[in-house]
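Visitor: I am new to this structure. Please take one charged side chain as a starting point and lead me from there through the parts that deserve a close look.

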Amino acid sequence: GEDNSIRLIANKPAWVRVFVRSSLLTSIPGATGSLVVQQRRFGVSYDTVYTPLAEAPGSVTAEINPNYADERGNIGSSLNFIIPAEYMMGHMRLKAKIYAGSLNDELDIYLDVTLRQTLRLVGIMIGYDGPQDNTVNSPNIKLAPPKLRDLIVTTPFTLRVMPVETYGTYRIAGTITWSKPLSESITTAGGCPQSHYDLNKEVLKFITADGNQPDVVYYGLYANGIPGWGGGCSTVAASGPNGGQGTMAHELGHYLGLPHAP
């Protein structure tokens, strides 16, 4: 069946799924296997660099002609291995070997893992000094802006789901003290409160002052506790709450030109 179409990225862990078929007139239970990870040296030979242990389930039944979509949709239908980030690089060969009683088979797969992409994240940190809500005479609250460490610990999910290597680079381009709740109603599906649009305009000013550099992505990280809906927004800039890992990945997807999925 079809393999994944997405290109492999250097220095990023990879999950290897080995699908097993029976060439006999019946299915073959108890098929197990091993995987050898090799890298090409000096453009000639392949040297073994890693031999991962099998992940669950460890053994499968080799079917004659299973439905591929169902098989792909069930992680227990394949023999599974994980290659750590430090071994995913260069021109590689994977040697899969399968065993089922007296039967055995093997297959070599060649991989190009030469594309290296790094998430270079620049944060605009957003604190708060304003009313607790939009009511008259609402008490004032103050919230310190997040720090560089907060930007880093909000990033792991983004690093996992984007086509980038395991580790990114980080810096701060400025700090904003916001002064009004992010709490108006949302008038369009998938939209944001007007106050969040306004906040992103302020974030954009810092992006512009930083030169809007093409080899980085910018993100406004706001303090937890700012009154409002607590979500993220991507318009002229992207921003979201401190610690909101899923929100960051989502809003940076918009920032990079991706719309909502169907």
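Guide: E71 is buried, with a relative accessible area of 7%; buried here means under 20% relative accessible area, exposed means over 50%, and partly exposed lies in between, all with a 1.4 Å probe and protein chains only. The model is a predicted one, in which local features need pLDDT of at least 70 and side-chain atom pairs count only at pLDDT 80 or more, while totals for chains, interfaces and linings use all residues. Residues are numbered from 1 along each chain as its sequence is written, and side-chain values use heavy atoms, with hydrogens and water left out.

The partner of E71 in a salt bridge is R21, and their closest N and O atoms are 2.9 Å apart. The term stands for a side-chain nitrogen of Lys or Arg within 4 Å of a carboxyl oxygen of Asp or Glu. This pair links distant parts of the chain, 50 residues apart: E71 belongs to helix α1 (residues 68–72), whereas R21 sits in the loop between β1 (14–18) and β2 (28–41). Helices (H or I, at least four residues) and strands (E, at least two) are DSSP runs, numbered from the N terminus. In contrast to E71, which is buried, R21 is partly exposed at a relative accessible area of 37%.

The structure holds seven salt bridges, and two others lead to helix α4. One of them joins D198 to K180, with the closest N and O atoms 3.0 Å apart. D198 lies in helix α4 (residues 194–209) and K180 in the loop between β10 and α4, 18 residues apart, so this pair too links distant parts of the chain. K180 counts as partly exposed, at 32% relative accessibility. The other connects K205 with E202, again with 3.0 Å between the closest N and O atoms. Both residues are in α4, and because they are three residues apart, about one helical turn separates them. K205 counts as exposed at 52% relative accessibility, while E202, at 26%, counts as partly exposed.

Helix α4 itself repays attention. Its 16 residues should span 22 Å at 1.5 Å a residue, and the end C-alpha atoms are 23 Å apart, which agrees; the expected span is 1.5 Å times one less than the number of residues. The buried residues of α4 are S195, H196, L199, N200, V203 and I207. Seen down the helix axis, they fall within an arc of 140°, so they line one face of α4; the arc is that of the directions from the helix axis to the C-beta atoms. An α-helix has 3.6 residues a turn, so residues three or four places apart point the same way. The face of α4 turned away from the buried side carries the exposed residues K205, T208 and A209. Just after the helix, G211 takes a positive phi of about 95°.

What covers the buried residues of α4? The cover includes β8, β10, β11, β12 (233–234) and β13 (238–241). Of these, strand β8 (residues 120–131) is mostly covered, with nine of its 12 residues buried. β8 runs parallel to strand β10 (residues 169–178), and nine bridges join the two; strands count as paired if DSSP finds at least two bridges between them. Within that pairing, G127 has T177 of β10 as its bridge partner. β8 also pairs in the parallel sense with strand β11 (residues 217–222), over six bridges, where V122 is matched with Y218. With strand β9 (residues 140–143), the pairing of β8 is antiparallel and has four bridges; there, Y128 has L143 as its bridge partner.

A173, in strand β10, ties several of these parts together. Leaving out residues up to four places away in sequence, A173 touches V122, G123, I124, F206 and D210, contact meaning heavy atoms within 4.5 Å. A173 counts as partly exposed, at 24% relative accessibility. The C-alpha atoms of A173 and Y219 are separated by 9.8 Å, although the two residues are 46 residues apart along the chain.
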